[in-house]
Amino acid sequence: MERTNDSMLTEFVLVGLSAHPKLQTVFFVLVLWMYLMILLGNGVLISVIIYDSHLHTPMYFFLCNLSFLDICYTSSSVPLILDNFLTVRKRVSFSGCMAQMFLSFAMGATECVLLGMMALDRYVAICYPLRYPVILSKNTYMPMAVGSWVAGLIDSVVQTSLAMQLPFCANNVINHFVCEILAILKLACADISINVISMAGSNLMVLVIPLLVISLSYIFILTTILRIPSTEGKRKAFSTCSAHLTVVIIFYGTIFFMYAKPKSKSSVGANNQDITEALISLFYGVMTPMLNPLIYSLRNKDVKAAVKNMLGRRNSDGI
């Protein structure tokens with residue numbers, strides 16, 4: 001399909017669940033509730049970490065970044081998703097679509113790298129406990145966190161810039177809830193080989209390498225834990241990294257399904273598959289950020305104690 005001057009694309013149409021109006025109402029209520037829980041849970045966790053000086057450690061510094069990242073990620077897409085549920089076909093300008101895609105991709109890529117950094121933190125804490133304060137000093141863990149954000153932003157700039165240069169013809173219907181990069185690439189009426197190669201490189205840099213770091217870290221962590229003579233010591237050591245491991249499994253299990261295999265063009269009768277992938281993307285984009293503060297706080301005695309102290313002081317101040 002050739003691009004003509006009369007078919008210059010100025011907007012996209014988000015289909016979402018427009019073919020299932022009853023489901024739209026259900027998902028609107030469900031996603032809105034999840035979004036409010038994300039803001040509340042991650043907001044409380046950030047406040048507790050900042051408030052309690054006992055939590056001013058590398059582990060909780062990374063966790064604070066993760067919570068802030070989850071708020072940013074969901075805020076870049078959920079308002080558009082909710083608006084999509086309220087309209088039959090949501091129209092989004094080309095520039096607005098690219099901006100939302102940039103923010104969502106940047107936050108997702110940053111989280112991949114950040115989870116790798118958090119695995120390194122747990123590796124040093126368990127394998128080298130006596131040297132942990134020296135190795136993971138402020139001069140070390142702060143650049144690690146900043147590097148995660150920079151890597152995610154640069155990766156998103158590259159992918160979004162390449163997508164913006166593609167010619168789009170008459171077909172502007174996106175079978176998704178948001179402006180998702182793979183769904184956008186399917187609409188291009190030109191060769192997207194460069195985009196596919198770039199996405200493969202992106203997968204390697206922000207998916208495979210961090211996952212390799214996580215895997216190697218936990219191999220060494222498991223080896224160290226097995227050498228601990230007491231059962232109680234093993235349990236305590238594993239409990240310090242079980243939350244991170246749970247988040248990694250949920251996060252990478254979903255994101256690999258979404259981005260591991262870029263497609264150059266849609267196949268015949270792929271609409272149902274597109275909606276299925278969109279629903280999985282919705283799960284990744286909303287469910288995971290909602291679960292993160294629960295996973296990190298329910299079994300964390302330090303966080304529980306900090307919450308009690310903060311609430312206790314506020315109550316005493318009120319009296």
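Helices here are DSSP runs of at least four residues, and strands are runs of at least two. By that count, residues 174-198 are 44% helix and 4% strand. The end C-alpha atoms of this span lie 21 Å apart. The structure is a predicted model.

The span 174-198 is listed in a UniProt record. That unreviewed entry gives "transmembrane region" for residues 26-51, 57-82, 102-120, 140-162, 174-198, 204-226, 238-259 and 279-298. Residues 57-82, also on that list, are 96% helix and 0% strand. Their end C-alpha atoms are 37 Å apart.

The chain as a whole holds 10 helices and 3 strands. Along the sequence, these elements follow the pattern β-α-α-β-α-α-α-β-α-α-α-α-α. The chain has 319 residues, and 48% of them are buried. About 16,100 Å² of the chain is exposed. Carbon and sulfur atoms supply 67% of that area. Contacts between residues at least 6 apart in sequence were also examined. Of these, 82% join residues at least 24 apart.

Helix packing was examined next. Helix H2 covers residues 58-86. The axes of H2 and H3 come within 9 Å and cross at roughly 160 degrees. Angles over 145 degrees count as roughly antiparallel, so H2 is roughly antiparallel to H3. H2 passes H3 in a left-handed crossing.

Helix H3, residues 94-127, also packs on helix H7, residues 193-226. Their axes are 9 Å apart, at an angle of about 20 degrees. An angle under 35 degrees counts as roughly parallel, and H3 is therefore roughly parallel to H7. The crossing of H3 and H7 is left-handed.

H7 has a further partner in H5. The axes of H5 and H7 lie 10 Å apart, and the angle is about 170 degrees. This makes H5 roughly antiparallel to H7. The two helices cross in a left-handed sense. On the H5 side, the residues that meet H7 are Asp-155, Val-158, Gln-159, Leu-162 and Ala-163. On the H7 side, Ile-194, Asn-195, Ser-198, Met-199, Ser-202 and Val-206 meet H5. Ser-198 is also the end residue of the span 174-198.

Three individual residues were then placed in this framework. His-244 sits in helix H8, which covers residues 231-259. The relative accessibility of His-244 is 2%. Buried means under 20%, so His-244 counts as buried. Residues up to four places away in sequence aside, His-244 touches Leu-115, Met-118, Ala-119, Tyr-218 and Tyr-296. Leu-115, Met-118 and Ala-119 fall within the residue range of H3, and Tyr-218 falls within that of H7. Ile-295 is 51 residues from His-244 along the chain. The C-alpha atoms of His-244 and Ile-295 are separated by 8.3 Å.

Lys-138 lies in helix H5, residues 138-164. Its relative accessibility is 53%. The cut-off for exposed is over 50%, so Lys-138 counts as exposed. Lys-138 and Phe-61 are 77 residues apart along the chain. Their C-alpha atoms are separated by 9.9 Å. Phe-61 falls within the residue range of H2.

Ser-137 is found in the loop between helix H4, residues 132-135, and H5. Its relative accessibility is 23%. Values between the buried and exposed cut-offs are partly exposed, and Ser-137 therefore counts as partly exposed. Ser-137 and Pro-58 are 79 residues apart in sequence. In space they are 7.8 Å apart, C-alpha to C-alpha. Pro-58 also falls within the residue range of H2.

Technical notes. Residues are numbered from 1 along each chain as its sequence is written. This is a predicted model: local features need pLDDT of at least 70, side-chain atom pairs count only at pLDDT 80 or more; totals for chains, interfaces and linings use all residues. Side-chain values use heavy atoms; hydrogens and water are left out. UniProt positions are given in the numbering used here, feature names are shortened, and annotations may be inferred rather than shown by experiment. Buried means under 20% relative accessible area, exposed over 50%, partly exposed in between (1.4 Å probe, protein chains only). Contact means heavy atoms within 4.5 Å. Accessible areas come from the Shrake-Rupley method with a 1.4 Å probe; for residues, only the protein chains shown count as cover. Axes are lines fitted to C-alpha atoms, for helices over the stretch in contact, and angles run from 0 to 180 degrees between N-to-C directions. Angles under 35 degrees count as roughly parallel, over 145 as roughly antiparallel, 65 to 115 as roughly perpendicular and the rest as oblique. A crossing is left-handed if the near helix is turned anticlockwise from the far one by less than a right angle, and right-handed if clockwise.
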